[in-house]
Structure formats: structure tokens, C-alpha cells
Amino acid sequence: MADEKNLVLDANHELGEIVIAPEVIEVIIGIAASKVEGIYGMRGTFANNVTELLGRSAHGKGVYLTIDEAGIKVDLYCYIKYGVSVPKTAMAIQERVKQQVLFMTDVELAEVNVHVVAVVPEKLEQPDLDELFESEEEENE
């Protein structure tokens, strides 16, 4: 029998029941959200960061599920790239997450709350030190 935490889909009683762990839905949501254009990454915990340093990816990071009688509510914590429209990106995340979860699990989400934690600026190109000092040496000669 399924635990209270697991989601039981509409079961065909002749064949048995289908049970999905909430962690599976978190991973689906994390991957779907990170694929949206303009997302830099998802906020993780210290444990997620250590896991990634060891070479494994933590796809469920930054995703928190709440299951109650109203349905499944999702809170996403993400970093957005500088220069993109925050409202458009957040709405794209909401649409993609709802669509992917419905497609892959046949579970409809009640809410998808997007929390933009930070805006990450684009990396500036590092100057070549040899080129900088060559011009100064030529001027001194």
C-alpha cells in the first residue's frame, strides 16, 4: 500500500495501482524550470551544492511541494539572468512546469509560485594581462 506522502493515480483495479513519490515530481519540475530561457539556475541547499561538487546533479533543488486538500502547490526558487523580463520568464516557468507535470504524471498542479531569488549578471570577459602590459612596456621604451 502507498504511504500518505506518495501520490496514487487513478488506478485500474484489475491491473493494480500507480504510485508516484513526491521526489519524482520535484525532479520533473526542477528540470522543466531550468530549461526555460532566461533561467540561470535553481537555488539549492548546502547538501545540493556538495552533491553537485561530487559530480551528481541535483535536479530537485529549489523546488518545494505542499500537498493538501486544495491540491499540489509548488514553490520554485530560482536565479534569473540579467537582462530578461522577470514577469515573462516567471510566467513561462509556470506554464512549462504545469504542462510537463501534467504530461508526465497526469497530475494537475493547483499553484506554481515562482520566487526570483537573485539576478545574475553576465560574466565579463577577463582582460588578457599580457596584452595590457605589452602596451605599457612599449610606451616606456
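Reading the terms in a predicted model

Colleague: Why is Val86 called partly exposed?
Modeller: Val86 has a relative accessible area of 34%, and since buried means under 20%, exposed over 50% and partly exposed in between (1.4 Å probe, protein chains only), Val86 is therefore partly exposed. This is a predicted model, in which local features need pLDDT of at least 70 and side-chain atom pairs count only at pLDDT 80 or more, while totals for chains, interfaces and linings use all residues. Residues are numbered from 1 along each chain as its sequence is written, and side-chain values use heavy atoms, with hydrogens and water left out.

Colleague: Where is Val86 placed, and what makes Val86 part of a nonpolar patch?
Modeller: Val86 belongs to helix H3, residues 86–105, where helices (H or I, at least four residues) and strands (E, at least two) are DSSP runs numbered from the N terminus. A patch takes residues with over 30% relative accessible area and no salt bridge, joining like charges within 9 Å and nonpolar side chains (Val, Leu, Ile, Met, Phe, Trp, Tyr) within 5 Å. The 34% of Val86 passes that limit, and Val86 forms the patch with Tyr82, Val116 and Val119, which together have about 350 Å² of accessible area, as given by the Shrake-Rupley method with a 1.4 Å probe and only the protein chains shown as cover for residues.

Colleague: Thr89 is found in helix H3; is Thr89 buried or exposed?
Modeller: Thr89 has a relative accessible area of 5%, so Thr89 is buried. Not counting residues up to four places away in sequence, Thr89 touches Val36, Glu37, Gly38, Ile39, Ile80 and Val84, where contact means heavy atoms within 4.5 Å.

Colleague: What is Arg96, also found in helix H3, in contact with, leaving aside its neighbours within four places in sequence?
Modeller: Arg96 is in contact with Ala32, Lys35 and Val36. Arg96 and Ala33 are 63 residues apart in sequence, while their C-alpha atoms are 7.0 Å apart in space. The relative accessible area of Arg96 is 32%, so Arg96 is partly exposed.

Colleague: How do you know that the span of helix H1 agrees with its 13 residues?
Modeller: The expected span is 1.5 Å times one less than the number of residues, so the 13 residues of helix H1 (residues 22–34) should span 18 Å, and the end C-alpha atoms are indeed 18 Å apart. The buried residues of H1 include Ile25, Ile28, Ile29, Ala32 and Ala33.

Colleague: Which residues touch the most other members of the largest nonpolar core?
Modeller: A nonpolar core is a set of buried Ala, Val, Leu, Ile, Met, Phe, Trp, Tyr and Cys residues joined through side-chain atoms within 4.5 Å. The largest has 24 residues, of which Ile29, Val74, Leu76, Ile93, Val97, Val101 and Leu109 touch the most other members. Two or more residues each come from H1, S3 (39–42), S4 (63–68), S5 (71–81), H3 and S6 (109–120).

Colleague: What makes the pair of Lys73 and Asp68 a salt bridge?
Modeller: The rule asks for a side-chain nitrogen of Lys or Arg within 4 Å of a carboxyl oxygen of Asp or Glu. The closest N and O atoms of Lys73 and Asp68 are 3.6 Å apart, so this pair meets the rule, and the count comes to one salt bridge.

Colleague: Why is Asp106 called exposed?
Modeller: Asp106 lies in the loop between H3 and S6, and its relative accessible area of 61% is over the 50% limit, so Asp106 is exposed.
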